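User: I should like to learn how to read the features of a protein model. Could we take them in turn, with the general idea before the particular case?

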Amino acid sequence: MSSTSDPNENEAAAHGSWRDLLGGRNRRVAVVLAGGVGLYATNVFLTTSLLPAAVEEIGGRRFYAWVTTVFLLASVISSTLVSTLLPRLGARRTYFLALGSFALGTVTCAAAPAMEVLLAGRFVQGLGGGLLCGLGYALIRALLPEGLWSLGTALVSAMWGVGTFLGPAVGGAFAQYDMWRGAMVALLVATGLVTVLVPLAVPAARNGDVPPVASPLTVGLLVGAVLLVSLGNIVSSTALLVVLPAGALAGLFLAFAHDRRRGGRILPRSAFSFSSPLPWCYGAIALLSVASQIEAFIPLFGQRLAGLAPLLAGFAGAAIALGWTLGEIPSATVAGLRARSRVASAGPLLITVGFVTAGLVTAEAMGVGVTVVWVVALLVGGAGVGIAWPHVATRVMSGVASDDEGDTAASAINTVQLVSNAIGSAVAGVLVHLGGPAPAGQARLALCGIGLAGVLGAWCVWRGTAAWRRKAAPELPKTAVRTEG
């Protein structure tokens, strides 16, 4: 009888449960990590719902689109600094820095007498928010046992689904009573609650070598790329709608090429080798993030095509985020290398099935039955994102060539997600514009076009799985490799 064991069985035994994550000391860690990302996600949707009321009071309508753009640019900048700040300041001080910046920006927004001050507050808020999101992923690897990484990742990213519901609900309630500043105060209170929990969950000690700061040129190219795609949301020229995303992609290529020459400051060194699973996993994360951004247009389509009231149309738009959360929670409990690989590969294909189905049933005047099918299809597409996400993110955390790349690899998940969100929003906008003047044509092209990201995502997951097996093969007994293959 052979003494070698199946690596799938070993992983299943080491894989934790939700009870393990939400019990004991792990519970405090989970609440802090999820709370930080929850603040960011809720703030995104809260501000969107408050903005019309804020503009009505303080003016500055010409800067309307910049309220989101400034926040996103600041978030991208700070997300690139997570792996540098952690060993310099320690996890606790870095968290306090992030929460302090977020709180200062929130206070500035709440007290803003003019749009220019609100924009300044949003920038400071974005700096803190980018750190919070990056820490949410980086500290999963540092503060939780490996068997809980996929569950921790699922909980943290599920906060985007929570924010999608909570942000518009809270923001809409305050805006309805002309109290948009009060919503910012409520956000500040929530920030304070998370801050109180940080010393109970996050260690103060600094550890590891201090890596160099990311090159200003690399960060500048990244920010420039995000700025270009963000401008695509406020122009109407077809030529510019195509040129701006193309310029952004060129900027991203130059940014990561320069980062590679610098030795990997934003992405880990392993991400620049196609024999590693990391570039394929980051590619899958990027495509999942791009696909999710169609949700911004769903309320508009719901009102124009199905005649939904604004509130119902908003809930239709939240179907993708709800599907993400509902798909992610059970998926994160799947154990075993083969099972996880299959689930991770199937998730992106559900995106294609869901969004293409929604696109094909779209019509100029959708009745109740068609609208229900349409929303369910969106839910399925969102579930595809959630099903794949925890396994792809966990593979990034454990797929580095050496431990000193761990913080960089984990925090880069957030950077890739933020940049891809901006690109996805621009791509969706281009598809809507190219869909013609009729809302049905716009919705059909946008949904079917974005749905193709799922096929590409599945291919990236498959390539990443193959690279993972090649990486693991020398470390496993031959009998174990045969059972895995």
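Analyst: The discussion below takes up salt bridges, enclosed cavities, an open pocket, a surface patch and a few single residues. Please note that this is a predicted model.

User: Let us begin with charged side chains. How many salt bridges does the count give?

Analyst: The general idea is that side chains of opposite charge can pair when their charged atoms come close. In this case the count comes to three salt bridges. One of them joins the side chains of Arg181 and Glu57, at 2.8 Å from N to O. This pair links distant parts of the chain, since Arg181 belongs to helix 9 and Glu57 to helix 3, 124 residues apart.

User: Are Arg181 and Glu57 buried, partly exposed or exposed?

Analyst: Arg181 counts as partly exposed because its relative accessibility is 24%. Glu57 is likewise placed in the partly exposed class, with 48%.

User: Which residue forms a salt bridge with Arg62?

Analyst: The partner is Glu116, and the closest N and O atoms of the two are 4.0 Å apart. Here too distant parts of the chain are linked: Arg62 sits in the loop between helix 3 and helix 4 (66-79), Glu116 in helix 7 (residues 115-143), and their positions lie 54 residues apart in the numbering. Arg62 counts as exposed because its relative accessibility is 64%, while Glu116, at 46%, counts as partly exposed.

User: What is the distance from N to O in the salt bridge of Arg269 and Glu405?

Analyst: The side chains of Arg269 and Glu405 meet at 3.7 Å, N to O. Arg269 is in the loop between helix 11 and helix 12 and Glu405 in the loop between helix 17 and helix 18, so this salt bridge ties together parts 136 residues apart in sequence. Arg269 is partly exposed at 43% relative accessibility. Glu405, in contrast, is buried, with a relative accessible area of 4%; the cut-off for buried is under 20%.

User: I turn now to enclosed space. How many cavities of 30 Å³ or more does a search of the whole structure find?

Analyst: A cavity is a space where the probe fits but cannot get out. The search finds two of 30 Å³ or more. The largest has a volume of about 70 Å³. Its lining includes Trp280, Arg340, His391, Arg395 and Cys460. Helix 12 (278-292), helix 16 (337-361), helix 17 (368-398) and helix 19 (439-472) each supply at least two of the lining residues. By class, the lining holds six nonpolar, three polar and two charged residues.

User: Which helix gives the most to the lining of the second largest cavity?

Analyst: Helix 3 gives the most, with four residues. The volume of this cavity is about 40 Å³, and its lining consists of Thr47, Leu50, Leu51, Ala54, Leu118, Trp180 and Met184. Helix 3 (24-58) and helix 9 (180-201) each contribute at least two residues. The lining divides into six nonpolar, one polar and no charged residues.

User: A pocket, I understand, is an open space. What is the volume of the second largest pocket?

Analyst: Its volume is about 1000 Å³. Of the 30 residues that line this pocket, Leu252, Phe256, Pro279, Gly283 and Ala286 are the closest to its centre. Helix 11 (238-261), helix 12, helix 18 (406-434) and helix 19 each supply at least two lining residues. By class, the lining has 25 nonpolar, four polar and one charged.

User: Which residues form the nonpolar patch on the surface?

Analyst: The patch consists of Phe165, Leu311, Phe315, Leu322 and Leu326, with about 480 Å² of accessible area together. Helix 14 (310-317) and helix 15 (319-331) are the elements that give two or more residues to it. Leu326, which lies in helix 15, is exposed, with a relative accessible area of 51%.

User: Finally, backbone angles. What is the phi value of Asp178?

Analyst: Phi of Asp178 is near 55°, a positive value in a residue other than glycine. Asp178 lies in the loop between helix 8 (149-176) and helix 9, and counts as exposed because its relative accessibility is 67%.

How values were computed:
Residues numbered from 1 in each chain as written. Predicted model: local features only at pLDDT ≥ 70, side-chain atom pairs only at ≥ 80, totals over all residues. Heavy atoms only, no water. 1 Å grid on protein atoms, 1.4 Å probe; cavity = no way out; pocket = protein on both sides within 12 Å on 5 of 7 lines; lining within 4 Å. Points joined across faces, edges and corners; volume = space filled by probe spheres on them. Nonpolar A, V, L, I, M, F, W, Y, C, P; charged D, E, K, R; others polar. Patch = residues over 30% accessible without salt bridge, like charges linked within 9 Å, V, L, I, M, F, W, Y side chains within 5 Å. Areas by Shrake-Rupley, 256 points an atom, 1.4 Å probe, with all protein chains shown as cover. Buried < 20%, exposed > 50% of the residue type's maximum accessible area, 1.4 Å probe, protein only.
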